[in-house]
Structures are given as structure tokens and as C-alpha cells.
Amino acid sequence: MILNLQSAQVATRSDDAESQLVFADGFLVAVLVRLSEQHGADAGKWFLEAGFGPIDPINPPVFANLAVAQVWILQQLANDD
């Protein structure tokens with residue numbers, strides 16, 4: 001399975017606008033948002049703003065970086081098979 005990321009700006013009603021749309025084999029599976037300075041120690045980390053299909057946890061995670069987020073997304077997709 002191949003993940004592709006596409007930069008986008010998301011209207012989150014906060015300073016968290018920088019985001020990545022995550023596609024798996026051409027399907028949108030997640031929207032990751034980079035946390036702004038208003039999040040203190042989590043600033044610069046990535047939050048799962050939205051997930052689709054198997055990428056829809058009750059408590060959306062925060063990731064240290066995009067690489068960690070991609071590994072987690074791939075694991076969720078693999079568990080769905």
C-alpha cells in the first residue's frame with residue numbers, strides 16, 4: 001500500500017491550519033494537522049484531525065512527526081484487512 005501526502009490549509013477555527021491530506025492507493029484516509037504554538041509542548045506535532053474508514057479512532061492520536069503518523073496509518077489500514 002502506498003501513502004501519498006498533499007499539503008493543504010484547513011479551516012480549524014484555530015491557529016492550526018497547516019495540514020496534510022493522506023491518501024492510500026488514491027483514497028483519502030486522513031487529515032493531519034500540525035499543532036501551533038498554542039498547544040505548548042505539543043507544538044509542531046501532528047494531530048489526526050479526521051480519519052476515514054479504519055482510520056477513525058475514538059481518541060485521535062498526536063504524532064511526533066509525519067513519519068510516525070504514516071506508520072500508524074499503515075498499521076490501521078493493515079489491521080482492517
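**A walk from the sheet to the core**

Q20 stands opposite L32, a residue of strand 3, and this pair is a convenient place from which to start reading the structure. The model is a predicted one, in which local features need pLDDT of at least 70 and side-chain atom pairs count only at pLDDT 80 or more, while totals for chains, interfaces and linings use all residues. Residues are numbered from 1 along each chain as its sequence is written, and side-chain values use heavy atoms, with hydrogens and water left out.

The chain has one helix and five strands, where helices (H or I, at least four residues) and strands (E, at least two) are DSSP runs numbered from the N terminus. Read from the N terminus on, these elements follow the order β-β-β-β-β-α. The radius of gyration, taken over C-alpha atoms, is compared here with a globule rule of 2.2 Å times the number of residues to the power 0.38. For this chain the radius of gyration is 12 Å, close to the 12 Å that the rule gives for 81 residues, so the chain is as compact as a globular protein of that length. Its C-alpha trace spans about 40 × 20 × 20 Å along the principal axes.

The five strands form an open sheet in the order 1-2-3-4-5, with antiparallel pairing; two strands count as paired if DSSP finds at least two bridges between them. Strand 1 (3-9) and strand 5 (62-63) are the edge strands, each of which pairs on one side only. Strand 1 is joined to strand 2 (residues 18-24) by seven bridges, and the two run antiparallel; within this pairing, Q9 has E18 of strand 2 as its bridge partner. Six bridges then join strand 2 to strand 3, again in antiparallel fashion, and these two strands form a hairpin with two residues between them, where D25 in the turn has a positive phi of about 50°. On the way to strand 4, five bridges link strand 3 with its antiparallel partner, and L32 has L48 as its bridge partner there.

The loop between strand 3 (27-34) and strand 4 (46-51) contains S36, and H39 is found in that loop between strand 3 and strand 4 as well. How exposed are these residues? Buried means under 20% relative accessible area, exposed means over 50%, and partly exposed lies in between (1.4 Å probe, protein chains only). S36 counts as buried because its relative accessibility is 12%, whereas H39, at 31%, counts as partly exposed. If residues up to four places away in sequence are not counted, S36 touches D15, D16 and A43, a contact being heavy atoms within 4.5 Å. D16 also serves as a reference point for H39: the two are 23 residues apart in sequence and 9.4 Å apart in space, C-alpha to C-alpha.

From the loop we can turn to the interior. In soluble globular proteins, nonpolar side chains tend to be buried together. In this chain, buried residues make up 30% of the 81 residues. A nonpolar core is a set of buried Ala, Val, Leu, Ile, Met, Phe, Trp, Tyr and Cys residues joined through side-chain atoms within 4.5 Å. The largest such core has 14 residues, and those with the most contacts inside it are V29, L32, I55 and I73. Strand 2, strand 3, strand 4 and helix 1 (66-79) each supply at least two residues of this core, and helix 1 gives the most, with four residues.

Two of these core residues deserve a closer look. Leaving aside residues up to four places away in sequence, I73 touches L3, V22, V29, A30, L32 and I55. I55 itself is placed in the loop between strand 4 and strand 5, and it is buried because its relative accessible area is 0%. Beyond its neighbours within four places in sequence, I55 is in contact with V29, A30, L48, W72, I73, Q76 and L77.

W72 also belongs to an aromatic pair, and the structure holds one such pair. Rings of Phe, Tyr and Trp (its six-membered ring) pair if their centres lie within 6.5 Å; planes under 30 degrees apart count as stacked, over 60 as edge-to-face and the rest as tilted. F63 and W72 form a tilted pair, with 5.5 Å from centre to centre and 50° between the planes, and both F63 and W72 are buried.
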